[in-house]
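Trainee: I have the sequence and the model open. Can we go through it together?
Mentor: Yes, go ahead and pick a place to begin.

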Amino acid sequence: NKYVLGLMLSVIVGVLSTNLSVPNLAQTPPKTTVPQSQKSAPAMVPTPAEQAADPGSIVHEDFYSAGQNVDVKGDNAAGDAAVAGSNVTVSGNVQGYLMAAGANVNINAPIGNDLWAAGANVVVNAPIADNAMLAGSSIVLEQNATIGKDARIAGSSVDVKGRVTRNLNIYAANAQISSEIGGNATVFVENLTINPGAIVRGDLIVNSPNQPVISPQAQTLGR
């Protein structure tokens, strides 16, 4: 199980590492068919009937799943989760780390540790207790998506609406910040917009060929 977890992690980190230095990411991932597979820790393994009726509905200990459509629904995930598929949705709490990869990745429930996610479209709409590392074509942190520590985001389009408690790093073609950033915001971007109501409590460091558009109703409290 730890081998599978590490393998999925290395793939996601590889995507992140590649895309962090390239603003324009691929718009659509290659169409591949992911074989259906699922492995859980020996303790409390769902029965075949439960898996057939609702795959991903029960998550105990560490959880691994891949398929066309993957929905993690368990509200009592005691360990880490690693999932991959064309459409990945997390609608139940995960107490540990979450690693997710897919064409469409939607995080709709709290994550108790770090989040790694990569996909063509990644939407985070729930609290992340620690760090978030995200890569994709379109990345959205919705208002409900608070990041407990740092966020590193690489994408063609990045929209940060949720609070980041510490530092925010963005590598993108186009980026918007509409929320509170508790530390520094370091942005490598072609076009940056700081929207009304945004607060950067640390330094705003912009590396861009274009002047950022900063609303008069936004606050940058560092340099």
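Trainee: Is Lys-149 buried or exposed, or in between?
Mentor: Lys-149 is partly exposed, because its relative accessible area is 32%. Buried means under 20% relative accessible area, exposed means over 50%, and partly exposed is in between, using a 1.4 Å probe and protein chains only.

Trainee: Which side chain does Lys-149 meet in a salt bridge?
Mentor: That of Asp-130, at 3.8 Å from N to O. Lys-149 sits in the loop between S6 and S7 and Asp-130 in the loop between S5 and S6, 19 residues apart, and the pair links distant parts of the chain. A salt bridge here is a side-chain nitrogen of Lys or Arg within 4 Å of a carboxyl oxygen of Asp or Glu.

Trainee: And Asp-130, buried or exposed?
Mentor: Asp-130 counts as buried, because its relative accessibility is 17%.

Trainee: What are S5, S6 and so on?
Mentor: Strands: DSSP runs of E with at least two residues, numbered from the N terminus; helices are runs of H or I with at least four.

Trainee: How much can I trust all this?
Mentor: This is a predicted model, in which local features need pLDDT of at least 70, side-chain atom pairs count only at pLDDT 80 or more, and totals for chains, interfaces and linings use all residues. Residues are numbered from 1 along each chain as its sequence is written, and side-chain values use heavy atoms, with hydrogens and water left out. The protein averages a pLDDT of 80, and 71% of the residues score at least 70. pLDDT is the predictor's confidence in each residue, from 0 to 100.

Trainee: Where is confidence lowest?
Mentor: In strand S1, residues 37–40, with a mean of 39, whereas strand S9, residues 180–181, has the highest at 98. Where pLDDT is low, the predicted coordinates should not be read in detail.

Trainee: Back to the strands. What does S6 pair with?
Mentor: Strand S5 (residues 115–124) runs parallel to S6, joined by nine bridges. S6 also pairs in the parallel sense with strand S7 (residues 151–160), again over nine bridges. Pairing requires that DSSP finds at least two bridges between two strands.

Trainee: Which residues stand opposite each other?
Mentor: Asn-121 faces Ser-138 in S6, and Gly-136 is opposite Gly-155 in S7.

Trainee: How many residues of S6 are buried?
Mentor: Nine of the ten in S6 (residues 132–141), so the strand is largely enclosed by the rest of the structure.
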